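This report describes a single protein chain for a reader who has the sequence and the structure at hand. Please keep both in view while reading the sections below.

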Amino acid sequence: FPEDGNDCGCKEDWNNFAPRLGLAFRLNNKTVIRTGAGIYYGEPDNVGESSRFFTGPPKAGEIALANLTSFETTPIRVQTGLPPFQSGDLDGVSVSAAYDEQPTMYVGQWFFDIQRELPADMMVTLAYIGTKSTHLWYARNLNQPLTPHPTINVNQRRPWPQFSGVNVTEAMLNANYNSLTAKAEK
């Protein structure tokens, strides 16, 4: 459980410098140029956030199978790897994990636009907008079969056949977005 209202269940990172800058310049009575940029930091939403305060039985039961765990104690410990279950114990169950120390995701955003007043009470705006996202979280399934086979069932070819998925969440993705926008108003 959180110690107080400021406890995020994570390691605080006080090094995230997030500057923002915006400029507007009137070139003449009919033309305005605007530009701006900023860096924004974020937390992953449900991927790792919801699991940070799971305390285990009796307050949370992450694997709630009657023959494997009770509401008071659990024999399941994944610190040293996946436990050796009997075939059929966990068929169809997925296991998810995340690293404790993930880099913080962040986004750089920028824009540049020119706005011009035209005759007949018209106004035209042309703009370039760009973003770059870094360290986006991704859940990777480690339990995919290593090779295809025409006759052997997919569940029998998995590294851990007792699980349908063994997912590890990592901050490994990046994304880019660039656009040109045009707008006319009367």
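## A buried acid and its partner

With a relative accessible area of 13%, E170 counts as buried, because the limit for that class is under 20%. The model in which this residue sits is a predicted one. The side chain of E170 meets that of R140 in a salt bridge, with 2.8 Å from N to O. This pair links distant parts of the chain, since E170 belongs to strand β6 and R140 to strand β5, 30 residues apart. R140 itself is partly exposed, because its relative accessibility is 32%.

The two strands that carry this pair also run side by side. Strand β6 covers residues 163-185, and 17 bridges join it to β5 in the antiparallel sense. One position to look for is W137, which stands opposite A171 in β6.

## Overall composition

The protein chain contains one helix and six strands. Read from the N terminus, the order of these elements is β-β-α-β-β-β-β. The chain has 186 residues, and 20% of them count as buried.

Contacts within the chain can also be sorted by distance along the sequence. Among the contacts with a separation of 6 or more, 65% are between residues 24 or more positions apart. The protein chain exposes about 13,500 Å², and carbon and sulfur atoms supply 56% of this area.

## Strands β4 and β5

Strand β4 spans residues 105-118, and strand β5 spans residues 122-141. The two pair in the antiparallel sense over 13 bridges. Within this pairing, D113 has A127 of β5 as its bridge partner. The strands form a hairpin with three residues between them, and there A120 takes a positive phi near 65°.

A nonpolar patch lies on the surface here. Which residues make this patch? The residues are W110, F112, I114 and Y128, and the patch measures about 340 Å². Strand β4 gives the most to the patch, with three residues, while Y128 lies in strand β5. Y128 is partly exposed, because its relative accessible area is 33%.

## The other salt bridges

How many salt bridges does a search of the whole structure find? The search finds three, and the pair of E170 and R140 is one of them. Another is formed by R34 and D113, whose closest N and O atoms are 3.8 Å apart. This pair also links distant parts of the chain: R34 lies in strand β2, which covers residues 31-42, and D113 lies in strand β4, 79 residues apart. D113 is buried, because its relative accessible area is 11%, whereas R34 is partly exposed, because its relative accessibility is 28%. D113 thus appears both in a salt bridge with R34 and opposite A127 in the strand pairing.

E185 and K183 form a further salt bridge, with 3.5 Å between the closest N and O atoms. E185 is partly exposed, as its relative accessible area is 34%. K183 is partly exposed as well, at 45% relative accessibility.

## An aromatic pair

The search of the whole structure finds one aromatic pair. The rings of Y41 and Y106 have centres 5.7 Å apart and planes at 40°, so the pair is classed as tilted. Why is the pair tilted rather than stacked or edge-to-face? Planes under 30 degrees apart count as stacked and those over 60 as edge-to-face, so an angle of 40° belongs to the remaining class, tilted.

This pair, too, links distant parts of the chain, with Y41 in strand β2 and Y106 in strand β4, 65 residues apart. Y41 is partly exposed, with a relative accessible area of 32%. Y106 is likewise partly exposed, with a value of 30%.

## A link across the sequence

N28 is found in strand β1, which covers residues 20-28. N28 is partly exposed, because its relative accessible area is 35%. In sequence, N28 and R116 are 88 residues apart, while in space their C-alpha atoms are 9.6 Å apart.

Technical notes
Residues are numbered from 1 along each chain as its sequence is written. This is a predicted model: local features need pLDDT of at least 70, side-chain atom pairs count only at pLDDT 80 or more; totals for chains, interfaces and linings use all residues. Side-chain values use heavy atoms; hydrogens and water are left out. Patches are made of residues with over 30% relative accessible area and no salt bridge: like charges are joined within 9 Å, nonpolar side chains (Val, Leu, Ile, Met, Phe, Trp, Tyr) within 5 Å. Accessible areas come from the Shrake-Rupley method with a 1.4 Å probe; for residues, only the protein chains shown count as cover. A salt bridge is a side-chain nitrogen of Lys or Arg within 4 Å of a carboxyl oxygen of Asp or Glu. Helices (H or I, at least four residues) and strands (E, at least two) are DSSP runs, numbered from the N terminus. Buried means under 20% relative accessible area, exposed over 50%, partly exposed in between (1.4 Å probe, protein chains only). Two strands pair if DSSP finds at least two bridges between them. Contact means heavy atoms within 4.5 Å. Rings of Phe, Tyr and Trp (its six-membered ring) pair if their centres lie within 6.5 Å; planes under 30 degrees apart count as stacked, over 60 as edge-to-face and the rest as tilted.
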